[in-house]
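Please work through the following exercises with the sequence and the model at hand. Each task is followed by a stepwise solution.

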Amino acid sequence: MESQFDTVVAAYEHSMEEMPFRTHIEQWSFLNALGDTRGLSVLDLGCGSGLYVRKLRRDGAARVVGIDESAAMVDYARRREEREHVGVEYLAVNASDPAAGTVPGIDGAFDLVTAVYVLPYAPTFEALQGLCATARRALRPHGGRLVTAVLNPGFSTDPEWYRHYGMVLTADEPQREGGPGHLKAWVGQEVLDVDFFCWSADAHETALRAAGFDRVSWTRPEVSEEGRKELGDEFWANYLACPHALILQAEAGPSAEATAPDPQ
């Protein structure tokens with residue numbers, strides 16, 4: 001299926017090296033939230049060009065699968081895999097579709113599900129629920145975790161607030177549940193220009209609990225020590241005061257099938 005991300009593969013791929021906040025705040029905070037992933041089976045929803053899945057595999061995850069609705073992103077990631085032989089599997093799948101959980105090798109196969117900037121692109125509450133349901137179904141019967149970077153429901157719409165970090169976020173005021181927003185980011189000579197949707201903390205938690213996650217927590221991002229030394233505390237002050245993204249973690253216990261008594 002066509003995706004707004006089909007035309008921004010290069011910008012997305014280069015954003016980690018061109019935008020310091022992605023390395024020193026986003027990646028630092030997200031990987032800290034994941035903890036030790038060595039030996040785990042990990043599914044990444046909305047893997048994009050493969051930035052995170054390649055790192056997780058190189059850091060020791062036993063199996064890593066990335067899925068994305070953008071055929072262009074998946075094609076790029078597969079070409080890199082053919083050259084580099086990292087050991088990541090890629091699938092072109094719309095994770096918000098209820099049928100995503102029936103993809104062979106996905107249902108009940110993972111210890112951990114990750115998703116970086118995926119839930120904000122759910123255009124309807126049903127799509128948001130679909131993403132959460134796919135994540136829950138992908139976890140093993142005994143349960144597991146979803147760790148996701150989501151749009152901060154209280155992000156700043158001041159056009160200058162994040163410009164220092166190479167991006168501008170705009171949205172309708174007052175923001176409404178599922179209301180449209182827009183992200184424009186400058187990545188070197190390229191421009192990342194995409195639409196997103198605004199969901200409250202309550203909407204996220206409702207969708208997660210409906211999917212079967214029973215423990216949900218929010219974490220504000222932090223800056224790495226390397227980032228502080230390289231660019232100074234003043235550089236990061238605006239972002240840390242009102243980050244555009246938060247880390248959302250959801251845990252799930254054993255499924256009903258896993259706890260059902262053996263038939264006599």
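The exercises below treat cores, a helix pair, cysteines and one surface position.

The model is predicted, so local features need pLDDT of at least 70 and side-chain atom pairs count only at pLDDT 80 or more, while totals for chains, interfaces and linings use all residues. Residues are numbered from 1 along each chain as its sequence is written, and side-chain values use heavy atoms, with hydrogens and water left out.

**Exercise 1.** Identify the residues with the most contacts inside the largest nonpolar core, and the helix that gives the most to this core.

*Solution.* Step 1: a nonpolar core is a set of buried Ala, Val, Leu, Ile, Met, Phe, Trp, Tyr and Cys residues joined through side-chain atoms within 4.5 Å. Buried means under 20% relative accessible area, exposed over 50% and partly exposed in between, with a 1.4 Å probe and protein chains only.
Step 2: the largest such core has 51 residues, and those with the most contacts inside it are Phe 21, Phe 30, Phe 155, Tyr 162, Met 167, Leu 169 and Tyr 239.
Step 3: helix 2 (residues 20-34) gives the most to this core, with 6 residues. Helices are DSSP runs (H or I, at least four residues), numbered from the N terminus.
Step 4: another core, of 34 residues, lies apart from it and includes Ala 95, Ile 106, Leu 146 and Leu 248.

**Exercise 2.** Determine how the axes of helix 1 and helix 4 cross, and which residues make the contact.

*Solution.* Step 1: the axes of helix 1 (residues 9-18) and helix 4 (residues 71-84) come within 10 Å and cross at roughly 55°. Axes are lines fitted to C-alpha atoms, for helices over the stretch in contact, and angles run from 0 to 180 degrees between N-to-C directions.
Step 2: helix 1 is therefore oblique to helix 4, since angles under 35 degrees count as roughly parallel, over 145 as roughly antiparallel, 65 to 115 as roughly perpendicular and the rest as oblique.
Step 3: Val 9, Tyr 12 and Glu 13 of helix 1 meet Ala 72, Met 73, Tyr 76 and Arg 80 of helix 4; contact means heavy atoms within 4.5 Å.

**Exercise 3.** How many disulfides does the structure hold?

*Solution.* Step 1: a disulfide is a pair of cysteine sulfur atoms within 2.5 Å, and the structure holds 0.
Step 2: for Cys 47, the nearest cysteine sulfur, that of Cys 132, is 18 Å away. Cys 47 counts as buried because its relative accessibility is 3%.
Step 3: the sulfur of Cys 132 is 17 Å from the closest cysteine sulfur, in Cys 198, which is too far for a bond.

**Exercise 4.** Is Asp 202 buried or exposed?

*Solution.* Step 1: Asp 202 belongs to helix 6 (residues 201-211).
Step 2: its relative accessible area is 54%, so Asp 202 is exposed.

Technical notes:
Helices (H or I, at least four residues) and strands (E, at least two) are DSSP runs, numbered from the N terminus.
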